[in-house]
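Notebook open. Today I'm looking at how the inside is packed and where gaps are left.

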Amino acid sequence: MKVATAFLASATVLLTNTVTASAIPIGDVSVVENGNIKRQSCVNTATSRECWGDYSIDTNWYDVTPDTGVIREYWLSVVNTTLAPDGYERYTMTFNGTIPGPALIGDWGDTFVIHVTNNLENNGTAIHWHGMRQLNNAEFDGVPGVTQCPLAPGESLTYTFPATQYGTTWYHSHYALQYAEGLYGPLIINGPTTANYGEDLGALMVADWDHTSIFKLWDKAKTGGPPSLDNTLLNGTNVYDCTTSSDAACLGTGKYFEVVFVEGTSYKLRIINAGTDIHFRFQIDAHNFQVVAMDLVPIVPYTTDNLLVAIGQRYDIIVNANATNGGDFWLRAVWQTSCGNNLNAAKSLGIVRYNASSTADPTTTPATTYASACTDEPLASLVPYYAMNTTASTPTSIAISSVAGSWEINGGTLQLNWSDPTILMDYQNESIFPTDYNVFPLPTANIWVSFIITATGPGAAHPIHLHGHDFWILGQASTAYSATTTVLNYNNPPRRDVATLIPGGYLAIAFITDNPGSESEITGTLTSADTFLDTCASWKTYYTPTVPQEDDSGI
């Protein structure tokens with residue numbers, strides 16, 4: 001596929017209020033707010049990235065959000081498409097015909113209005129806006145069986161949500177295994193940054209990829225663990241060696257992802273792990289970089305030459321183009337084989353060029369070769385810029401285990417009914433949930449709750465993602481948790497929405513029960529009840545025993 005200079009193929013975007021989604025407001029600019037011109041009081045430039053109009057990097061975005069009056073309106077078609085992302089042609093699932101899907105871009109305080117039409121031939125779908133808080137707006141979170149009924153083929157649904165946060169995230173299908181078939185794309189919300197830079201390059205999405213449909217591999221995974229997939233895609237492209245293959249689908253047309261640097265320029269790059277089973281270490285040969293944000297939380301910058309990125313995590317980094325003699329350099333997404341493997345792991349690469357006309361493969365090597373690590377970045381490095389302490393509370397224990405191909409939580413598995421999502425049961429004031437829903441009720445609003453999550457059994461390493469909240473990471477280790485000797489951190493611990501549960505160890509998290517909805521929190525209400533109920537009615541009409549049936553937990 002073709003890759004634009006800002007890393008992602010652009011989409012046709014129609015915006016109300018005639019405001020264009022620029023990558024970063026630069027210079028002495030004005031914005032349109034409710035039809036009026038408003039001069040920014042703190043201009044975001046290459047030397048003042050901490051500024052953002054009447055707001056800044058010091059604003060508490062959990063409580064304060066700009067009201068720009070700007071609507072960012074997008075149209076997404078979920079469609080089957082034949083593509084050859086790495087030079088091997090296969091049937092895929094895509095947004096608007098590309099992998100990744102189009103970049104959805106807005107500014108902090110804008111409102112996203114995203115029209116999704118399911119044009120798949122044989123599947124429902126539901127689209128999740130990963131990491132978005134969806135405060136009092138859970139029905140647009142996009143989880144089938146929890147916050148909505150799936151969208152039946154031929155049907156459309158408009159997801160509407162405010163950009164109360166800023167930074168880097170992504171959107172993806174939350175229906176079965178669809179995002180592993182290509183149904184994912186970047187979601188970028190411009191805002192202040194904790195360090196200065198010259199140019200925003202946009203998102204770099206890294207995902208593992210197979211030449212066989214992931215649905216065909218599912219049965220093998222259930223009985224034998226996750227299979228090693230064929231390749232890795234960097235923004236939807238990579239190479240694959242077809243020289244000895246007689247397979248007609250092996251076209252040999254794949255290309256490395258490439259980006260061009262200009263010496264002396266500093267670049268912001270937004271790294272996203274959109275994978276199924278990849279835990280990678282990001283590196284650019286001969287280049288250090290500053291890490292300035294994790295998930296949707298700005299952090300105190302720190303400098304490194306490598307970055308561990310787990311499934312679903314995002315990091316914003318700033319790279320200085322400081323190679324004085326130009327050249328070509330490998331960009332690496334190094335597989336951490338203690339977490340999972342890949343049949344083409346050595347080619348999990350991209351290219352940084354200082355000469356746009358160069359076509360040579362780099363000959364560079366990393367300054368340091370690190371041992372494989374199935375962990376996150378050290379907690380001590382991940383210091384939120386806006387400091388927020390947490391309050392100690394009596395923790396709830398959650399034990400995750402892998403049993404006979406299924407994940408269990410405290411001995412129970414999750415089995416949702418797509419046609420009867422939990423948010424609908426909330427709306428109907430039902431207080432007794434089916435046992436298979438494995439519900440953890442949190443009936444008291446606006447209090448701190450904490451959880452000690454542990455794991456046993458094979459393949460226990462797992463990304464833990466919480467919808468509707470950031471969580472505070474009180475502790476994380478590869479050793480066992482002890483209620484008597486383990487010391488947890490309540491003083492401005494890292495905040496994010498994805499963290500790794502390390503095999504044999506624990507993850508301790510805390511959050512405030514301040515977002516009513518169906519992530520197992522306080523009962524909420526539906527803001528668009530008619531639309532919600534119409535979607536469920538269409539799904540129930542479509543979902544008969546003759547169509548593909550639910551074959552996993554439902555989410």
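For my own use: a nonpolar core here is a set of buried Ala, Val, Leu, Ile, Met, Phe, Trp, Tyr and Cys residues joined through side-chain atoms within 4.5 Å. I'm keeping in mind that this is a predicted model.

Entry 1, cores. I looked up the largest nonpolar core and got 75 residues, with Trp129, Phe282 and Leu307 touching the most other members. Strand β23 (residues 328–335) gives the most to this core, four residues. Apart from it I found another core of 16 residues, including Ile398, Leu442, Ile473 and Leu507.

Entry 2, Trp129. What does tryptophan 129 contact, once neighbours within four places in sequence are set aside? My list has Leu76, Leu104, Ile114, Val116, Gln134, Phe140, Asp141, Tyr159, Phe161, Trp170, Tyr171 and Leu187.

Entry 3, cavities. I count six of 30 Å³ or more. The largest has a volume of about 100 Å³, and 18 residues line it. Nearest its centre I noted Tyr166, Pro192, Lys268, Ala293 and Asp316. Strands β12, β13, β17, β19 and β20 each put at least two residues into that lining. By type, the lining splits into eight nonpolar, six polar and four charged.

Entry 4, the second largest cavity. I get about 70 Å³ for this one. Its lining is Glu139, Phe140, Gln148, Cys149, Leu157, Ser528, Thr531, Phe532 and Thr535. Helix α3 (residues 529–542) has the largest share, three residues. I sorted the lining into four nonpolar, four polar and one charged. Phe140 turns up here and also on my Trp129 contact list.

How values were computed
Residues numbered from 1 in each chain as written. Predicted model: local features only at pLDDT ≥ 70, side-chain atom pairs only at ≥ 80, totals over all residues. Heavy atoms only, no water. 1 Å grid on protein atoms, 1.4 Å probe; cavity = no way out; pocket = protein on both sides within 12 Å on 5 of 7 lines; lining within 4 Å. Points joined across faces, edges and corners; volume = space filled by probe spheres on them. Nonpolar A, V, L, I, M, F, W, Y, C, P; charged D, E, K, R; others polar. Buried < 20%, exposed > 50% of the residue type's maximum accessible area, 1.4 Å probe, protein only. Contact = heavy atoms within 4.5 Å.
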